[in-house]
Amino acid sequence: MTTKTVGNSGIAVSALGMGCWAIGGPMRLGDLEVGWGAVDDDESVRAIHAAMAAGVTLFDTAANYGTGHSERVLGRALAGRRSEAVLATKFGHRIDESARLILDVAVEPEDVRASCEASMRRLGTDYLDLFQLHVGDLDPARADDVRDTLESLVAEGSIRAYGWSTDDVDRARRFAGTGTCAAIQHTLNVMQDDPEMLALCERTGMASIARSPLGMGVLTGMFRAGDRLPDDDVRAQRLEWMAYFRDGRPNEQWLTRLSQIRDVLTSGGRTLAQGALAWLWARSPVTIPIPGIRTVRQAEENAGAMAFGPLTSAELAEIDRLSAPVAGDLVR
Ligand SMILES: NC(=O)c1ccc[n+]([C@@H]2O[C@H](COP(=O)([O-])OP(=O)(O)OC[C@H]3O[C@@H](n4cnc5c(N)ncnc54)[C@H](OP(=O)(O)O)[C@@H]3O)[C@@H](O)[C@H]2O)c1
């Protein structure tokens, strides 16, 4: 249970990865702040080391996260230890590192190659394990060219495998099961199931890299109704896909549901966060959750979920029964 392979790539990873968005610190998309507020890089490095000590080998980052900062911090933490880690990063936008701005979509072959080089430089490595397209809504007509460039990068040894970070099953279909594609990264958690995407991953030998597995923190039980996130936190922004928080406050429908399933998630001595991760492993054998982590405590708690393993099928069914979606609900 503590190890998995990234789809059909043969790349072995821990069953749980570390999401590295938050440790990137501030970044903006137009006028919107899409980072998670200020970060303490020394604490981020300690968190990465704590995750490794607890058995985590997969790290998911992106050029966009802190416009290169997340990759640099990860590179710093992994200095001299590259072989112990599986590095997944993402590309697809131009970035202005000094202004901390995410700019336009850039997926022409020369853009993809430049992005690969820049990520390797920031991470302090000469190869990437998994290179993921970060533009979830890219015009599907452009996807084939991107895939061709990625195949060339595999042939040249710069990347071992690639994937697409998208919630759109039709787009995922253009990559899944072709060439050296090994993973689809998509939103998946106990409140946001995605049977169609999971079926695609299972059928085509892809890993389902489960992003926002803790509902951006809501599923850990750390928030109470009315709590307000600071304005410099992405969770306080008005974003179309932000189901977890509304106007900077936790979605009360989620909090209600969480209280209904709390006892099942915490069965056997798990914390709530560990239960939410256990749901993902139970949901499909191909899921690899990558909870966002920025402290040693979070690293140890989340990695500790691996020792408990997946929920049982009876617990899974009980959660379905207790939290059956209602009309107009969030569940996709
Ligand atoms: N488009 C994309 O490709 C995309 C989109 C979203 C995410 N991702 C990837 O998926 C990763 C995870 O998703 P996410 O960061 O959106 O959300 P998440 O993993 O659902 O939630 C992460 C947040 O939950 C809190 N947390 C984590 N462990 C905790 C614990 N044990 N106890 C209490 N609180 C805990 C932390 O927030 P606090 O520090 O504030 O407490 C953390 O930043 C990202 O880091 C990124 O690598 C990719």
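This dialogue considers the ligand site and the two sheets of a predicted model.

Trainee: Where should one begin with the ligand, and how many residues surround the ligand?

Mentor: One begins by listing the residues that have a heavy atom within 4 Å of the molecule. Here 29 residues surround the ligand, and the closest are Asp60, Ser165, Leu214, Arg235 and Arg294. By class, this shell holds eleven nonpolar, eleven polar and seven charged residues.

Trainee: Which helix gives the largest share of the shell around the ligand?

Mentor: That is helix H9, residues 296-308, which supplies four residues.

Trainee: What is 3.3 Å from the side chain of His134, and which other polar contacts should I find?

Mentor: A polar contact is read as a pair of N or O atoms within 3.5 Å. In this model, an N or O atom in the side chain of His134 is 3.3 Å from an oxygen atom of the ligand. For Ser165, a polar side-chain atom lies 2.6 Å from a ligand oxygen. Gly215 uses its backbone instead: one of its N or O atoms lies 3.1 Å from an oxygen atom of the ligand. As for cover, the ligand has 890 Å² of accessible area on its own, and the protein covers 91% of that area.

Trainee: Let us turn to the sheets. What is the order of the strands in the open sheet of eight?

Mentor: A sheet is read from strand to paired strand, where a pair needs at least two bridges. The order here is E3-E6-E7-E10-E11-E12-E13-E16, and the pairing is parallel.

Trainee: Why is one side of strand E3 and of strand E16 left without a neighbour in the sheet?

Mentor: Strand E3 (17-19) and strand E16 (287-289) stand at the edges and have a single partner strand each, so one side of each lacks a neighbour in the sheet. From one strand to the next, the twist averages 25 degrees.

Trainee: How many bridges join strand E12 to strand E13?

Mentor: Five bridges join E12 (residues 181-187) to E13 (residues 207-211), and the two strands run parallel. One of the partnerships links Thr187 with Arg211 in E13.

Trainee: Which strands does helix H4 touch where it packs on the sheet?

Mentor: Helix H4 (residues 143-156) touches E7, E10, E11 and E12, and its direction makes about 160 degrees with that of E11. Helix H8 (residues 272-283) also packs on the sheet, touching E13 and E16, with about 165 degrees between its direction and that of E16.

Trainee: What pairing does the open sheet of four strands have?

Mentor: Its pairing is mixed, in the order E5-E4-E9-E8. Within it, E4 (residues 28-29) and E9 (residues 101-105) pair in the parallel sense over two bridges, and Arg28 has Leu101 as its bridge partner in E9.

Terms used: Residues are numbered from 1 along each chain as its sequence is written. This is a predicted model: local features need pLDDT of at least 70, side-chain atom pairs count only at pLDDT 80 or more; totals for chains, interfaces and linings use all residues. Side-chain values use heavy atoms; hydrogens and water are left out. A polar contact is a pair of N or O atoms within 3.5 Å; within protein, one must be able to donate a hydrogen and the other to accept it, and residues adjacent in sequence count only if both atoms are side-chain atoms. Accessible areas come from the Shrake-Rupley method with a 1.4 Å probe; for residues, only the protein chains shown count as cover. Ala, Val, Leu, Ile, Met, Phe, Trp, Tyr, Cys and Pro count as nonpolar, Asp, Glu, Lys and Arg as charged, and the others, Gly among them, as polar. Axes are lines fitted to C-alpha atoms, for helices over the stretch in contact, and angles run from 0 to 180 degrees between N-to-C directions. Contact means heavy atoms within 4.5 Å.
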